[in-house]
Structure formats: structure tokens, C-alpha cells
Amino acid sequence: MIDLYGMGSPNVVKIYLALEEMGLPYKAIPIDVFGGAQFKAEFTKLNPSAKVPVIVDHEGPGGRPYTVFESGAILIYLADKTGQFLPRDGVARYDALQWMMVQMTGVGPMFGQFVHFTRFAPKGNDYAVDRYRTQVRRVLDVLEQRLAAAPWLGGQEYSIADMATFPWARGVGLFLGKAAEQDYPKLMSWVAAIASRPAVVRALAAVDDVRSRTTAFDKAAPDMLDKIFGRGAHAAA
Ligand SMILES: N[C@@H](CCC(=O)N[C@@H](CS)C(=O)NCC(=O)O)C(=O)O
């Protein structure tokens, strides 16, 4: 049994996708991030960086419980544990890993900052909004070109690179406006193909459930948002 600590954010959605695709039994343990649960000692014992997702695999290496944090590390761990969705060796393994790293270092951070500055920053911060919109567009162009050359990000097979990237890519219309989807036809058909997988349908239903059990971002207390975003009384000197 695997415990999944999380809420409904894209980094956590990746892990729901992997657990459902791999057929691993798991228990979802809601962490109320917008209520500040990630800062409690019982959680930082699991992840000193105070972020979700985290998994605890009760049948880890050597048959002992093992804790993994960082969504990319969790995806590799689960793929290696089950022998699924990441080739064991050869160039196919590194193709999938490098495309997964494009998500970890490009798609996730750039979308994350774009959403932060459009949704949470005081109005008028045009420099940051323009910078991160441009970076989001740049990395989406890279994905579009990749998917013109190969059916899946890693190449010929659906892999953890696709699972990592789907949670933000499906939000292109939501975050950039519906018309933006027309700029990425290959990416949008890839999103549709993934969304129709039975494991993905199950995963997204489980995500809806955890969302209903955690505080929504627009219901967070103002001081908690300041703490999470490191601003106001919580800004570093
Ligand atoms: N690089 C980390 C990022 C994790 C992350 O940023 N998690 C967010 C939710 S998506 C979080 O827990 N935020 C709480 C906070 O910043 O206090 C990963 O890929 O797992």
C-alpha cells in the first residue's frame, strides 16, 4: 500500500495518474496546503521542503517503508518499482527522462510563475506577467514541435514524461485563453488522447475528491497566502 499525501495541484495530479496507470493500491491523505498543513512538523518529517506530493511506500526497497518527495523522483521511483512507463535502459529511457525534465524545469515552473503573477500578484506587474507568458509560450512551442515528431513525449510509448506534462498542458485554454489552444494542435490532440485513458478518468475523479476535502486557493486566509508566497510579513530580508 502506498500513502499519497497531496491536494489537487498539478504536481500531485501527476502522481494520481501514475498510481492509477500502474494499478498500485494507494490511500490518498489530503494535505490542506492553503490551510498551512504542509508547515506542520508531522508533514515536514516526511518532506523537509514542506511541499506536496509525498508518497510513503509501505513495501519499499528491502520490504521496508520508504518515503519519496519531489514529483519527478516519485514518478521515477514508481516506474522503476513496477517496470512500467519508463524503459529500463537504453536511449528510450533517457529520451523519456529528458522530456520529463523539460516539464520539471520548464513547463511546471513557468506555468506556476505565470499563474502566480496573473492570479495572486497585485495588478500592474506587467514585467512578470509578460516574462512568464512568453516563457510558457516558448516551452509550449517546444512541446508542439516534439509531438509533431513523435506520438508521445518520450518517443513511441506513453511514459512518465507524458504523465508529468499533462496536468499543466490540459490548462492551456484555462490559463492563456481558449483561442491559444489553436496554436498547439498536436499538443491538444495529445491532451485529448491522455484524457480519454480509463486510468486518467479515474485519477481525475480522485483529484476532484481530494479537492473537495482541502481549502480552495480563493478561500485561504490572507496571512496564510502571504506565508505560502513568502511576502508581506513573511518576506525574507
Ligand atoms: N518541485 C516540487 C514542487 C512541489 C510544489 O511546489 N508543491 C506545491 C503544490 S503544487 C506545494 O506544496 N506548495 C506549498 C507551499 O509552497 O507552501 C515537485 O515537483 O514535487
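Four strands form an open sheet in the order E2-E1-E3-E4, and the pairing is mixed. The model is predicted. Strand E2 (26-30) and E4 stand at the edges. Each has a single partner strand, so one side of each is left without a neighbour in the sheet. On average, neighbouring strands of this sheet are turned by 20 degrees against each other, direction ignored.

**Strand E3 and its partners**

E3 sits between E1 and E4 in the strand order. Strand E1 covers residues 2-6 and pairs with E3 in the antiparallel sense. Four bridges link E1 and E3. Across this pairing, Ile2 stands opposite Asp57 in E3.

On the other side is strand E4, residues 66-69. E3 and E4 also run antiparallel, and four bridges join them. Here Val54 stands opposite Phe69 in E4.

Which way do the side chains of E3 (residues 54-57) point? Val54 and Val56 point one way. Ile55 and Asp57 point the other way. In a regular strand the side chains alternate between the two faces of the sheet. Are these four residues of E3 buried or exposed? All are buried: Val54, Ile55, Val56 and Asp57.

**The annotated region**

UniProt, in an unreviewed entry, places the feature "domain: GST N-terminal" at residues 1-86. Over residues 1-86 the chain is 34% helix and 21% strand. The end C-alpha atoms of this stretch are 21 Å apart.

**The ligand site**

Which residues surround the ligand? They are Ser9, Asn11, Val33, Gln38, Phe39, Lys51, Val52, Pro53, Glu70, Ser71 and Ile228. Polar contacts from the ligand are listed below.

| Residue | Protein atom | Ligand atom | Distance |
|---|---|---|---|
| Lys51 | N or O atom in the side chain | oxygen | 2.7 Å |
| Val52 | polar backbone atom | nitrogen | 2.8 Å |
| Ser71 | N or O atom in the side chain | oxygen | 2.6 Å |

How much of the ligand does the protein bury? Taken alone, the ligand exposes 510 Å². The protein buries 78% of that area.

Lys51 and Ser71 each use a side-chain atom to meet a ligand oxygen. Val52 instead offers a polar backbone atom to a ligand nitrogen. Val33, Phe39 and Pro53 are also among the residues around the ligand.

Notes:
Residues are numbered from 1 along each chain as its sequence is written. This is a predicted model: local features need pLDDT of at least 70, side-chain atom pairs count only at pLDDT 80 or more; totals for chains, interfaces and linings use all residues. Side-chain values use heavy atoms; hydrogens and water are left out. UniProt positions are given in the numbering used here, feature names are shortened, and annotations may be inferred rather than shown by experiment. Helices (H or I, at least four residues) and strands (E, at least two) are DSSP runs, numbered from the N terminus. Buried means under 20% relative accessible area, exposed over 50%, partly exposed in between (1.4 Å probe, protein chains only). Two strands pair if DSSP finds at least two bridges between them. A residue is near a molecule or strand if one of its heavy atoms lies within 4 Å of it. A polar contact is a pair of N or O atoms within 3.5 Å; within protein, one must be able to donate a hydrogen and the other to accept it, and residues adjacent in sequence count only if both atoms are side-chain atoms. Accessible areas come from the Shrake-Rupley method with a 1.4 Å probe; for residues, only the protein chains shown count as cover. Axes are lines fitted to C-alpha atoms, for helices over the stretch in contact, and angles run from 0 to 180 degrees between N-to-C directions.
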